[in-house]
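Here are my comments on the model you sent, set out as numbered points. I begin with the core and then turn to individual helices and residues.

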Amino acid sequence: MNTETFYEKIGGDYADTMGRLMTEERVLRFVRKFPADGSFNALKDALARGVQEEAFRAAHTLKGVAQNLGFTALYEKASAVTEVLRGGNLDVAALMPDLESIYNLTVESISALD
């Protein structure tokens with residue numbers, strides 16, 4: 001799969017990302033590093049342990065990484081979780097399936113990149 005198709009598949013913004021990173025090589029270098037980012041797993045772990053501050057930090061990190069890489073759909077889902085957690089509320093269970101789904105789609109699609 002080429003880079004533009006990848007961004008279409010995950011609901012991302014390829015043009016914006018290219019505008020920031022300037023070359024497809026640079027985009028791919030950072031995109032391919034994304035699966036090693038531990039913020040999604042840290043979020044799930046913190047939620048399971050009931051630690052709101054850690055969950056907020058992890059969600060906020062995931063949101064920022066997704067935004068910087070132009071992963072728009074992932075950014076939007078992570079942003080929704082971040083805002084609930086920002087208020088001190090741990091009740092994000094209804095939001096997590098959508099976040100996990102787009103996260104998994106993103107990671108799986110990265111492995112299919114040319």
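**Notes on a predicted helical model**

1. In this predicted model, the largest nonpolar core has 30 residues, and those with the most contacts inside it are Leu43, Phe71, Leu74 and Leu99. The elements that contribute two or more residues to this core are α1, α2, α3, α4, α5, α6 and α7.

2. Leu99 deserves a closer look, since its partners can be listed one by one. When residues up to four places away in sequence are not counted, Leu99 touches Phe40, Leu43, Leu62, Leu74, Lys77, Ala78 and Val81. Two of these partners, Leu43 and Leu74, are themselves named among the residues with the most contacts inside the core.

3. Helix α6 covers residues 72-86, and its 15 residues reach 20 Å from the first C-alpha to the last, which is close to the 21 Å expected at 1.5 Å a residue. Its buried residues are Leu74, Ala78, Ser79, Val81, Thr82 and Leu85, and they pack against α4 (39-49), α5 (52-68) and α7. Among these buried residues, Leu74, Ala78 and Val81 are also in contact with Leu99. After the helix comes Gly88, whose phi is positive, near 85°.

4. In helix α2, Tyr14, Thr17 and Leu21 are buried. Seen down the axis of α2, these buried residues fall within an arc of 65°, so they line one face of the helix. The face turned away from that buried side carries the exposed residues Ala15 and Gly19, while the buried residues themselves pack against α1, α3 and α5. At the N-terminal end, α2 is capped by Asp13, with a side-chain oxygen lying 3.4 Å from the backbone nitrogen of Ala15.

5. Which backbone angle of Met22 should a reader check, and what is its sign? Phi of Met22 is near 75°, a positive value in a residue other than glycine. Most residues other than glycine have a negative phi. Met22 comes just after α2 and lies in the loop between α2 and α3. With a relative accessible area of 56%, Met22 counts as exposed, because that value is over the 50% cut-off.

6. Helix α3, residues 24-33, has Val27, Leu28 and Val31 as buried residues. Viewed down the axis of α3, they fall within an arc of 95°, and they therefore line one face of the helix. The exposed residues Glu25 and Lys33 are carried on the face of α3 turned away from its buried side. The buried residues of α3 pack against α1 (3-10), α2 (14-21) and α7 (96-111), and the packing of α3 with α2 is also found from the side of the buried residues of α2.

7. Is Ala58 buried or exposed? Ala58, which is placed in helix α5, has a relative accessibility of 7% and counts as buried, because this value is under the 20% cut-off. Leaving aside neighbours within four places in sequence, Ala58 is in contact with Ser39, Ala42 and Leu43. Leu43 is thus a partner of Ala58 and also a partner of Leu99. The C-alpha atoms of Ala58 and Asp16 are separated by 24 Å, with the two residues 42 residues apart along the chain.

Notes: Residues are numbered from 1 along each chain as its sequence is written. This is a predicted model: local features need pLDDT of at least 70, side-chain atom pairs count only at pLDDT 80 or more; totals for chains, interfaces and linings use all residues. Side-chain values use heavy atoms; hydrogens and water are left out. Buried means under 20% relative accessible area, exposed over 50%, partly exposed in between (1.4 Å probe, protein chains only). Helices (H or I, at least four residues) and strands (E, at least two) are DSSP runs, numbered from the N terminus. The arc is that of the directions from the helix axis to the C-beta atoms. Contact means heavy atoms within 4.5 Å. The expected span of a helix is 1.5 Å times one less than its number of residues. A nonpolar core is a set of buried Ala, Val, Leu, Ile, Met, Phe, Trp, Tyr and Cys residues joined through side-chain atoms within 4.5 Å. A polar contact is a pair of N or O atoms within 3.5 Å; within protein, one must be able to donate a hydrogen and the other to accept it, and residues adjacent in sequence count only if both atoms are side-chain atoms.
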